[in-house]
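Please find below my notes on the model, set out as numbered points. They begin with a single side chain and then move on to the charged pairs, a buried strand residue and the confidence of the prediction.

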Amino acid sequence: MSRSEHVTFEFIETLVVPLRTVYGSEVHGISHAQGSDRDEMGFFAPTLRQCTALSDLPSSYQHKSAFARNEVGFRIGNQPKSGAGDLDILLYDVRHWAKLAIAGNPQVHLPLYVGDEWVVMSNDLGETARRERARFMSSHVASKSLGYMT
């Protein structure tokens, strides 16, 4: 379960998403004056059907509005480059997200710590994760976070 799948915004809207927040340049105050894309991250709760399916569930789903444009020559490698006004969403399977958080991945901790103004959506599970965020912290996590964003 460590593959990511690119999906449409309409598919994202069908997922049960306990927590989704803005992250990236906008939150850190380093977005471009001429405009930046909007980066959102969170986690989804797989349905019972997804959990019991014989095929592997992706560890994350990604939506990039730049994919919809599919502009030739506006790419980094084989990925379309996001620009001003684009929406990039990254949603982890909650089990994969928890593994990354416990392992000390500083990026996946961001939804737990951003201000309320950056929360796009949250339900009881998402609010509990934010309220109990200290449970994902340890000296191991702190050492991995040193130097993040410097």
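1. Glu 5 has a relative accessibility of 28% and is therefore classed as partly exposed, since that class lies between the 20% and 50% cut-offs. This value, like every other in this note, comes from a predicted model. The side chain of Glu 5 meets that of Arg 3 in a salt bridge, with an N to O distance of 3.2 Å, and Arg 3 is likewise partly exposed, at 39% relative accessible area.

2. How many salt bridges does the rule yield for this model? The count comes to 9, and the pair formed by Arg 3 and Glu 5 is one that meets the rule.

3. A further salt bridge links Glu 13 with Arg 20, whose closest N and O atoms lie 4.0 Å apart; because the criterion is set at 4 Å, I would ask that this pair be read with the cut-off in mind. Glu 13 is partly exposed, at 45% relative accessibility, whereas Arg 20 is buried, at 5%.

4. Arg 38 and Glu 40 also form a salt bridge, and here the closest N and O atoms are 2.8 Å apart. Arg 38 is partly exposed, with a relative accessible area of 31%, while Glu 40 counts as buried, at 4%. Through shared partners, salt bridges connect Glu 13, Arg 20, Glu 26, Arg 38 and Glu 40 into one network.

5. Is Ile 89, a residue of strand β7 (residues 87-93), buried or exposed? With a relative accessible area of 2%, Ile 89 is buried, because this value falls under the 20% cut-off. Leaving aside residues up to four places away in sequence, Ile 89 touches Phe 9, Ile 12, Arg 20, Glu 40, Tyr 61, Gln 62 and His 63, so that list includes Arg 20 and Glu 40, two members of the salt-bridge network. The C-alpha atom of Ile 89 is separated by 8.9 Å from that of Ser 65, a residue 24 places away along the chain.

6. As to confidence, the mean pLDDT of the protein is 82, and 80% of its residues reach 70 or more. Among the elements, strand β8 (residues 119-122) has the highest mean pLDDT, at 97, and strand β5 (residues 75-76) the lowest, at 48. Over residues 72-76 the pLDDT is below 50, although this stretch has 8 contacts in the model beyond near neighbours in sequence. Where pLDDT is low, the predicted coordinates should not be read in detail.

Definitions and conventions:
Residues numbered from 1 in each chain as written. Heavy atoms only, no water. Buried < 20%, exposed > 50% of the residue type's maximum accessible area, 1.4 Å probe, protein only. Contact = heavy atoms within 4.5 Å. pLDDT = per-residue confidence, 0-100. Helix = DSSP H or I, 4+ residues; strand = E, 2+ residues; numbered from the N terminus.
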